[in-house]
Amino acid sequence: MEKKLVVKMIKNCFKQYYEGDSVPIGDSDLEVLTGRIFQLKEEDPTADLYEVVNDVVYEFLAD
(Lines give C-alpha, C1' and ligand atoms only; values in the text may rest on other atoms or scores of the structure.)
Protein backbone atom coordinates (compact mmCIF):
# COMPACT_ATOMS: atom_id res chain seq x y z
CA MET A 1 0.00 0.00 0.00
CA GLU A 2 1.42 3.36 -0.99
CA LYS A 3 1.70 6.16 1.54
CA LYS A 4 0.82 8.87 -1.01
CA LEU A 5 -2.51 7.16 -1.69
CA VAL A 6 -3.34 6.96 2.01
CA VAL A 7 -2.44 10.63 2.56
CA LYS A 8 -4.66 11.64 -0.37
CA MET A 9 -7.51 9.54 1.03
CA ILE A 10 -7.11 11.18 4.46
CA LYS A 11 -7.22 14.66 2.93
CA ASN A 12 -10.29 13.76 0.87
CA CYS A 13 -11.97 12.42 3.98
CA PHE A 14 -11.33 15.70 5.82
CA LYS A 15 -13.04 17.53 2.95
CA GLN A 16 -16.28 15.81 3.99
CA TYR A 17 -16.10 17.62 7.33
CA TYR A 18 -14.61 20.98 6.27
CA GLU A 19 -15.48 23.28 3.39
CA GLY A 20 -13.02 24.24 0.71
CA ASP A 21 -9.53 22.90 0.27
CA SER A 22 -8.46 23.57 3.84
CA VAL A 23 -7.39 20.53 5.80
CA PRO A 24 -7.02 21.44 9.48
CA ILE A 25 -4.24 18.96 10.17
CA GLY A 26 -0.51 19.37 10.50
CA ASP A 27 2.18 17.15 9.06
CA SER A 28 2.83 15.46 12.41
CA ASP A 29 -0.85 14.56 12.86
CA LEU A 30 -0.98 13.37 9.27
CA GLU A 31 1.96 11.04 10.00
CA VAL A 32 0.18 9.70 13.09
CA LEU A 33 -3.02 9.02 11.14
CA THR A 34 -1.11 7.37 8.30
CA GLY A 35 0.75 5.16 10.77
CA ARG A 36 -2.49 4.17 12.47
CA ILE A 37 -4.07 3.24 9.13
CA PHE A 38 -1.07 1.10 8.17
CA GLN A 39 -1.19 -0.57 11.59
CA LEU A 40 -4.89 -1.41 11.28
CA LYS A 41 -4.43 -2.75 7.75
CA GLU A 42 -1.53 -4.91 8.94
CA GLU A 43 -3.68 -6.30 11.77
CA ASP A 44 -6.57 -7.02 9.40
CA PRO A 45 -5.43 -7.22 5.75
CA THR A 46 -8.99 -7.95 4.60
CA ALA A 47 -10.31 -4.66 5.98
CA ASP A 48 -11.51 -2.18 3.38
CA LEU A 49 -8.99 0.67 3.13
CA TYR A 50 -11.71 3.26 2.53
CA GLU A 51 -13.51 2.23 5.73
CA VAL A 52 -10.29 2.17 7.75
CA VAL A 53 -9.38 5.69 6.61
CA ASN A 54 -12.85 7.01 7.41
CA ASP A 55 -12.85 5.37 10.84
CA VAL A 56 -9.41 6.73 11.74
CA VAL A 57 -10.26 10.26 10.61
CA TYR A 58 -13.57 10.16 12.51
CA GLU A 59 -11.78 8.99 15.67
CA PHE A 60 -9.26 11.82 15.24
CA LEU A 61 -12.00 14.43 14.92
CA ALA A 62 -14.06 13.00 17.77
CA ASP A 63 -11.17 13.19 20.27
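A crossing of two helices is called right-handed if the near helix is turned clockwise from the far one by less than a right angle. Keep that in mind for the close-ups below, which all come from a predicted model.

**View 1. Helix H2 crosses helix H3.** Here's that definition in use: H2 and H3 make a right-handed crossing. Their axes come within 10 Å, and the crossing angle is roughly 135°. That makes the pair oblique, because angles from 65 to 115 degrees count as roughly perpendicular and those over 145 as roughly antiparallel. On the H2 side, look for Asp29, Leu33, Arg36, Ile37, Leu40 and Lys41. Across from them, H3 brings in Leu49, Val52, Val53, Val56 and Phe60. Sort these contact residues by class and you get eight nonpolar, no polar and three charged.

**View 2. Helix H1 meets helix H3.** H1 covers residues 3–17 and H3 covers residues 49–62. Their axes also come within 10 Å, this time crossing at roughly 55°. So H1 and H3 are oblique to each other, and H1 passes H3 in a right-handed crossing. H1 offers Leu5, Met9, Ile10, Cys13, Phe14, Gln16 and Tyr17 to the contact. Their partners in H3 are Leu49, Tyr50, Val53, Asn54, Val57, Tyr58, Phe60 and Leu61. By class, this contact holds 13 nonpolar residues, two polar ones and no charged ones.

**View 3. Thr34 sits in helix H2.** Is Thr34 buried or exposed? Its relative accessibility is just 2%, and since anything under 20% counts as buried, Thr34 is buried. Who are its neighbours? Leaving out residues up to four places away in sequence, Thr34 touches Lys3, Val6, Val7 and Ile10. You've already met Ile10 in View 2, where it is one of the H1 residues that meet H3.

**View 4. Glu31 pairs up with Lys3.** Glu31 belongs to H2, the helix that spans residues 27–43. What joins the side chains of Glu31 and Lys3? They are linked by a polar contact of 2.7 Å. Along the chain these two residues are 28 residues apart, yet their C-alpha atoms are separated by 9.8 Å. Glu31 has a relative accessible area of 44%, so it counts as partly exposed, in between the limits of 20% for buried and 50% for exposed. Lys3 should look familiar too, as it is among the residues that Thr34 touches in View 3.

Definitions and conventions:
Residues are numbered from 1 along each chain as its sequence is written. This is a predicted model: local features need pLDDT of at least 70, side-chain atom pairs count only at pLDDT 80 or more; totals for chains, interfaces and linings use all residues. Side-chain values use heavy atoms; hydrogens and water are left out. Helices (H or I, at least four residues) and strands (E, at least two) are DSSP runs, numbered from the N terminus. Buried means under 20% relative accessible area, exposed over 50%, partly exposed in between (1.4 Å probe, protein chains only). A polar contact is a pair of N or O atoms within 3.5 Å; within protein, one must be able to donate a hydrogen and the other to accept it, and residues adjacent in sequence count only if both atoms are side-chain atoms. Axes are lines fitted to C-alpha atoms, for helices over the stretch in contact, and angles run from 0 to 180 degrees between N-to-C directions. Angles under 35 degrees count as roughly parallel, over 145 as roughly antiparallel, 65 to 115 as roughly perpendicular and the rest as oblique. Contact means heavy atoms within 4.5 Å. Ala, Val, Leu, Ile, Met, Phe, Trp, Tyr, Cys and Pro count as nonpolar, Asp, Glu, Lys and Arg as charged, and the others, Gly among them, as polar.
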